[in-house]
Amino acid sequence: PFRYVTFLRHPVEQIRSRYNHMTSSRSHPLHHLARQGISLEEFVRVSPDNYQTRTLSGIEPIPGQGYPALTGQDLERIKANVEDHFGLVGIAEEFDASLILARRTLGLAQVRYVSRNVRRRPGQAPPLSDSTRQIVEDHARFDLALYRWALARLDRAVEADREAFDS
C-alpha cells in the first residue's frame with residue numbers, strides 16, 4: 001500500500017507567490033499579462049479559484065467552460081480523501097514540524113532538504129490592502145477552510161507526539 005504526501009501553504013501567500021512567479025518568469029503562460037501591468041486583483045480574477053483544493057480534488061476543467069464550482073460537499077469529500085489516503089499533509093509555514101512529523105509518520109531515518117524557490121528579495125512582502133486581501137480570501141475560501149483544517153490536524157499530531165518535538 002502507499003500513502004500520499006502533500007504540503008499546503010497559506011492561501012493568501014500561495015496566491016501572492018503564484019502572482020510573483022507569473023510576473024517574474026518569462027516562461028509562465030500568463031507572463032504576457034505581466035507585461036501589460038496586471039495587478040494582483042486582476043490576476044486573481046483570471047486564475048482558477050481555490051487552487052490547492054482543486055489540486056487535491058482531482059476535478060478537471062470542463063473543456064470550453066473552465067472548472068465547475070466547488071461546494072461544501074466537495075471540501076468534505078476532499079477531507080475524507082485526505083484522512084483515508086494521505087500519510088501526511090504538511091504546512092509550509094510549519095515546515096520544520098511537518099518534516100519531523102513526516103519522519104515519524106513515514107518511518108524515515110533521516111530527512112534532508114535544500115531550500116529552493118525561496119523569496120530572494122530581503123524582507124517581507126508588502127502588506128496587502130484590506131480590499132485586496134478580501135478579494136484574495138474570497139477567491140480562496142475553500143483553500144482557507146482546507147488550510148485551517150490541515151493546520152489544526154498538524155497541531156493535534158504535534159501535540160500527540162510532543163516528546164519528538166521537544167527533543
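Here is a short chat about a predicted model of one protein chain.

Visitor: Before we start, what pLDDT do local features need here?
Guide: Residues are numbered from 1 along each chain as its sequence is written, and side-chain values use heavy atoms, leaving out hydrogens and water. As this is a predicted model, totals for chains, interfaces and linings use all residues, side-chain atom pairs count only at pLDDT 80 or more, and local features need pLDDT of at least 70.

Visitor: How many helices and strands are there in the protein chain?
Guide: Helices (H or I, at least four residues) and strands (E, at least two) are DSSP runs, numbered from the N terminus. Going from that end, the order is β-α-α-α-α-α-β-α-α-α-α. That makes nine helices and two strands.

Visitor: Which element gives the most to the largest nonpolar core?
Guide: A nonpolar core is a set of buried Ala, Val, Leu, Ile, Met, Phe, Trp, Tyr and Cys residues joined through side-chain atoms within 4.5 Å; buried means under 20% relative accessible area, with exposed over 50% and partly exposed in between (1.4 Å probe, protein chains only). The largest core has 20 residues, and Leu8, Val82 and Leu146 are among those with the most contacts inside it. Two or more residues each come from helix 5 (72–85), strand 2 (86–91), helix 6 (95–106) and helix 8 (141–160). The top giver, with seven residues, is helix 8.

Visitor: And which residues does Val82 touch?
Guide: Contact means heavy atoms within 4.5 Å. Leaving aside residues up to four places away in sequence, Val82 touches Leu56, Val89, Trp149 and Arg153.

Visitor: How many residues are in the second, separate core?
Guide: Tyr19, Ala34, Val44 and Val136 are included in that one. Its count is 13 residues.

Visitor: Why do the buried residues of helix 7 line one face?
Guide: The buried ones in helix 7 (residues 130–139) are Thr132, Val136 and His139. An α-helix has 3.6 residues a turn, so residues three or four places apart point the same way. They line one face because, seen down the helix axis, they fall within an arc (taken from the directions from the axis to the C-beta atoms) of 60 degrees.

Visitor: Which helices do they pack against?
Guide: The buried residues of helix 7 have three partners, namely helix 1 (11–24), helix 3 (40–46) and helix 8. One residue found in helix 1 is Arg16.

Visitor: Is Arg16 buried or exposed?
Guide: Beyond residues up to four places away in sequence, Arg16 touches Leu40, Ala125, Pro126 and Leu128. Its relative accessible area is 11%, so Arg16 is buried.
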